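Trainee: I have a new structure to read and would love some help. Could you walk me through a few features?

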Protein chains: 2
Amino acid sequence: MIEVTLLGCGGMMPMKNRWLTSCYLLCNGHAVLIDCGEGTQIALKNTTCKAKKIDMICITHFHADHISGLPGFLLSMGNEGREEKITIAGPRGIERIVKSLTVIASGLPFEIDFIEVEDHKAISAAGMEITPFRLRHGLECFGYSFYLPRSGKFDPEKARANDVPQCIWSKLQKNEETELDGRIFTPDMVLGESRKGVKLTYCTDTRPCKSISSSAAGSDLFICEGLYYEQDKIERAVKTGHMLFSEAARLALESDVKEMWLTHYSPAVKDPELGLAAAREIFPDSYCGYDGKKTILYYPED
Amino acid sequence: MIEVTLLGCGGMMPMKNRWLTSCYLLCNGHAVLIDCGEGTQIALKNTTCKAKKIDMICITHFHADHISGLPGFLLSMGNEGREEKITIAGPRGIERIVKSLTVIASGLPFEIDFIEVEDHKAISAAGMEITPFRLRHGLECFGYSFYLPRSGKFDPEKARANDVPQCIWSKLQKNEETELDGRIFTPDMVLGESRKGVKLTYCTDTRPCKSISSSAAGSDLFICEGLYYEQDKIERAVKTGHMLFSEAARLALESDVKEMWLTHYSPAVKDPELGLAAAREIFPDSYCGYDGKKTILYYPED
């Protein structure tokens, strides 16, 4: 399962009643943070999410509202005693940008690894396969698909056919390769075909584009930006490389996702719920994201 | 007069109920901001202070809790349509540090001027003389004294003795040099001795030192850090280059200031009022600063 917490849902600037868009994914006891704008460390403290569980921070792009909180976030993790390495993934130049920002955060007591992500080249963290995909914004920007795979069902017939001693069945069932009497036993010797896992797709900031619907295809949850909901804001959305709620809904429909959460509202959008009906006309399972919104994505029932 | 608003009163990290220490001084319709940690732009929006009035930002030092909010602050000023130049003053390297932080804030629609401040070398903004003074912290750090001068009283006898035509008395009284019939008239030709102005002294982060009490001498308001109030925290205060409330109170007493506000509390200090009595035993006019605390410093009665 993946526990998803939307830490904030604002775009452009932090507001007193709306944190900047950021998302925390907990899986297998480890976490991934997506984006870290000004105030994300406070937004996180408003939830039950723990910074110390974060193994990787995925940055979508280098606009301030998605990364300006990073120096403070890293420093606070250091103050809380973190010593474990953290990985920061993002567009080309991620190391240079983070080093530039952390000129005011010297002496961090942990290492930082950097990954320059590439279109459709998967990375992994917290047991999830993470696939970056390129978006259409003013500068290089990536969305991310997170997939938690699921192994096959235990198959005692297969185990017996493969001569697997019963005393190591349960270890193999937990996906652990096991050695016994000099022989290596692998999980596939006792497990059936892999089953459908859990998929989450996240994208801000962007105009609609094909790579979104193909990357989001079949997601259990699709978190997508919607800067405005009024149709007359379309020109402004196009100019700034953003979307309307209705455009996000169309992508959700095309991608055949189970549920969509809107996020990254303009500061001018005081009540995003007012724009929800229009999105639901296109894609009924549209919901407004809000600070602290949380869900758990479970494996489907067999 | 100087209108003083303490935007935040926290140290180290922003908290959900306490913004990082920052101060806004309004004088002659123009403003100076002291420090800009993560969230200062939101803290400012919680008050009646206006970002567009800010002519100068004085940075005390380059620890993240005093400067990490700068890229977002500048971007938001740009989004609000600012075109007027802004001056950022701070320790040696201020231009390099700000340029490093604003790698994520390109295309600002206004110019930034930089001033590297020096010990006791006055600069000026919003009609105030601003005197930086060196503090004792882990890295170069400055306090700032703000002095709003006051010209002398109008003296008609002096005006007559200097042959100043009556039709320009009021202009000279407003401190405006005036030309009439090819002759230059200066304000001192109609004004008496300069009178005592208004003085505010601000200092975080530092151990107590002589330069503080000499710089703060005679201030109407002394805003001073107090990271902890418990006496048993002295070792930690010394180690991190900070002060106890009692040490701030002693400086206030030595400096013969009218009133002291404490600020820059450790996140561990849940209720600073609990430490106030100890400070008042030393300096009775000690007060706890809080987010949004405001006062107006008027010229003294003649």
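Mentor: Happy to! Keep in mind that this is a predicted model. Let's begin with one helix. The buried residues of helix H4 (residues 94-101) of chain A pack against helix H3 (70-79), strand E5 (86-90) and strand E6 (112-116) of chain A, together with helix H4 (94-101) of chain B.

Trainee: Which residues of helix H4 of chain A are buried?

Mentor: They are Ile97(A), Val98(A) and Leu101(A). These residues lie on the same side of H4(A), because they cover an arc of only 95° around the axis.

Trainee: How are chain A and chain B related?

Mentor: To compare copies, we ask what movement superposes them. Here, a rotation of 179° with 0.1 Å of shift along its axis places chain A on chain B, with an RMSD of 0.1 Å. That is the relation of a two-fold axis. Also, 100% of the interface residues of chain A are interface residues in chain B too, so the copies meet through the same surface.

Trainee: Is Phe142(B) buried or exposed?

Mentor: For burial, we count neighbours: a residue with 20 or more other C-beta atoms within 10 Å of its own is called buried. Phe142(B) has 24, so Phe142(B) is buried. This residue is found in strand E9 (residues 142-150) of chain B.

Trainee: Which residues does Phe142(B) touch, beyond those up to four places away in sequence?

Mentor: Among them are Thr60(B), Pro91(B), Val117(B) and Phe133(B). Take Pro91(B): Phe142(B) and Pro91(B) are 51 residues apart along the chain, yet their C-alpha atoms are separated by 7.2 Å.

Conventions
Residues are numbered from 1 along each chain as its sequence is written. Chains are lettered from A and ligands numbered from 1 in the order in which they are written. This is a predicted model: local features need pLDDT of at least 70, side-chain atom pairs count only at pLDDT 80 or more; totals for chains, interfaces and linings use all residues. A residue is buried if 20 or more other C-beta atoms lie within 10 Å of its own, exposed if 12 or fewer, and partly exposed in between; C-beta atoms are placed from the backbone. Helices (H or I, at least four residues) and strands (E, at least two) are DSSP runs, numbered from the N terminus. The arc is that of the directions from the helix axis to the C-beta atoms. Two residues are in contact if their C-beta atoms, placed from the backbone, lie within 7 Å. Copies are superposed by least squares on the C-alpha atoms of residues with pLDDT of at least 70 in both.
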